[in-house]
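The following exercises concern one protein model, shown below. Please attempt each task before reading its solution.

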Amino acid sequence: MSDEKKICLSARGVSKVFGIGRKKTVAVDRVDLELHEGEVISIVGESGSGKTTLAKVILGLINETEGEIYFQGKKRDIRSHSKRREYWKNIQAIFQDPFSSFNIFNKIDTVLLDCINMRGGRWLPREKKVELMAEACSFVNLKYEELTNKYPFELSGGQQQRLMIARIFLLKPQILVADEPTSMIDACSRATILDMLMQLRSEIGMTVIFITHDIGLAYYVSDNIYIMERGRFVESGSADDVILNPKEPYTKRLLSDVPKIYEEWDLSTV
């Protein structure tokens with residue numbers, strides 16, 4: 001990663017503790033993280049390692065117990081609704097279960113219109129909004145005219161993930177947090193979704209935090225990889241350094257679960 005690229009987001013000594021006293025659970029433990037503009041990083045760990053909790057802290061969905069998050073060089077302030085909404089214009093998420101991200105009472109055109117309005121397009125003519133929504137749907141290989149009267153729950157899992165990417169296409173955030181976005185769909189849809197995400201990242205210069213348990217997948221998409229165990233980063237570095245020269249036993253164990261990593265991915269294109 002070039003030193004010329006600015007740090008757009010950082011975490012300094014961030015911890016998240018649930019409960020109190022003897023029932024206290026430390027989900028994230030004094031984590032430091034730097035994210036540069038245009039970079040793709042992966043946070044890799046097994047279930048329960050704390051990676052999703054850290055993602056929620058970064059997104060501002062839950063508050064950190066200790067430490068600080070910095071965004072664009074300034075300490076993040078999301079204490080008011082207006083400041084939180086402004087922050088969310090710049091950082092968005094795609095989750096493992098896309099359906100949980102949709103209001104079940106809103107049809108798909110309403111979902112997409114909300115994105116346009118959030119980016120300041122509230123006063124655009126109706127025909128221009130339709131044009132933008134159709135363009136977003138086309139980007140993810142969906143047909144807008146076939147979706148306008150449908151609800152998200154009427155779509156397949158793969159189509160719902162595509163709709164999530166269409167939302168990102170319209171919102172154009174600076175940072176995307178993708179939390180296991182392909183783990184609940186079939187292999188064919190998984191490859192398609194990954195390709196769309198990488199294309200979107202390239203087109204709008206988006207920075208990506210990719211959350212996954214699959215270290216092989218992390219190698220495929222990432223510039224840098226952070227290995228997380230029991231709430232802490234135990235190893236980090238460039239994708240090549242972490243995968244080809246792992247130092248920690250935990251990293252080596254994760255790699256042992258994907259012994260054919262080099263055969264399964266065409267690394268010449270990475």
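**Exercise 1.** Determine in which helix leucine 170 is placed, and whether leucine 170 is buried or exposed.

*Solution.* Step 1: in this predicted model, leucine 170 has its place in helix α5. Step 2: a residue counts as buried under 20% relative accessible area. Leucine 170 has a relative accessibility of 10%, so it is classed as buried. Step 3: setting aside neighbours within four places in sequence, the contacts of leucine 170 are Leu112, Cys115, Ile116, Arg119, Leu132 and Ala136. Step 4: valine 242 provides a point of reference along the chain, 72 residues from leucine 170; the C-alpha atoms of the two are separated by 34 Å.

**Exercise 2.** Explain why helix α3 is described as largely enclosed, and state which elements its buried residues pack against.

*Solution.* Step 1: count the buried residues. Ten of the 14 residues of α3 are buried, and therefore the helix is largely enclosed by the rest of the structure. Step 2: identify them. The buried residues of α3 include Leu112, Cys115 and Ile116, each of which is also in contact with leucine 170. Others in the buried set are Ile108, Asp109, Val111, Leu113, Asn117, Met118 and Gly121. Step 3: name the surroundings. The buried residues of α3 pack against α2, β6, α4 (126-139) and α5.

**Exercise 3.** State how many disulfides a search of the whole structure finds, and examine the surroundings of cysteine 115.

*Solution.* Step 1: the search of the whole structure gives zero disulfides. Step 2: cysteine 115 takes part in no disulfide, and the nearest cysteine sulfur, belonging to cysteine 137, is 10 Å away. A disulfide would require the two sulfur atoms to be within 2.5 Å. Step 3: cysteine 115 has 2% relative accessibility, so it counts as buried. Cysteine 8 is also buried, because its relative accessible area is 5%.

**Exercise 4.** Describe the largest pocket: what is its volume, and which elements give two or more residues to its lining?

*Solution.* Step 1: the largest pocket holds about 600 Å³ of space. Step 2: its lining consists of 22 residues, and those closest to the centre are Trp88, Gln92, Ser101, Met118 and Arg167. Step 3: two or more lining residues come from each of α2 (81-90), β6 (91-94), α3 (108-121) and α5 (157-171). The largest share, five residues, belongs to α3. Step 4: by character, the lining is made up of eleven nonpolar, seven polar and four charged residues.

**Exercise 5.** Work out which strands are joined to β9 by bridges, and in which directions they run.

*Solution.* Step 1: strand β3 (residues 40-44) runs parallel to β9, with four bridges joining the two. Isoleucine 43 has tyrosine 226 of β9 as its bridge partner. Step 2: strand β10 (residues 232-238) runs antiparallel to β9, and six bridges join them. Here asparagine 224 stands opposite serine 238. Step 3: β9 and β10 form a hairpin with two residues between them, and arginine 230 in the turn has a positive phi of about 50 degrees. Step 4: five of the six residues of β9 (residues 224-229) are buried, so this strand is largely enclosed by the rest of the structure.

**Exercise 6.** Establish how many residues of helix α1 are buried, and what phi glycine 60 takes.

*Solution.* Step 1: seven of the nine residues of α1 (residues 51-59) are buried, and the helix is mostly covered. Among them are Lys51, Thr53 and Leu54. Step 2: glycine 60, just after α1, takes a positive phi of about 85 degrees.

Technical notes
Residues are numbered from 1 along each chain as its sequence is written. This is a predicted model: local features need pLDDT of at least 70, side-chain atom pairs count only at pLDDT 80 or more; totals for chains, interfaces and linings use all residues. Side-chain values use heavy atoms; hydrogens and water are left out. On a 1 Å grid over the protein atoms alone, a cavity is a set of points where a 1.4 Å probe fits but cannot get out, and a pocket is an open set with protein on both sides within 12 Å along at least five of seven lines; lining residues have an atom within 4 Å of a point. Grid points are joined across faces, edges and corners, and a volume is the space filled by probe spheres set on the points. Ala, Val, Leu, Ile, Met, Phe, Trp, Tyr, Cys and Pro count as nonpolar, Asp, Glu, Lys and Arg as charged, and the others, Gly among them, as polar. Buried means under 20% relative accessible area, exposed over 50%, partly exposed in between (1.4 Å probe, protein chains only). Two strands pair if DSSP finds at least two bridges between them. Contact means heavy atoms within 4.5 Å.
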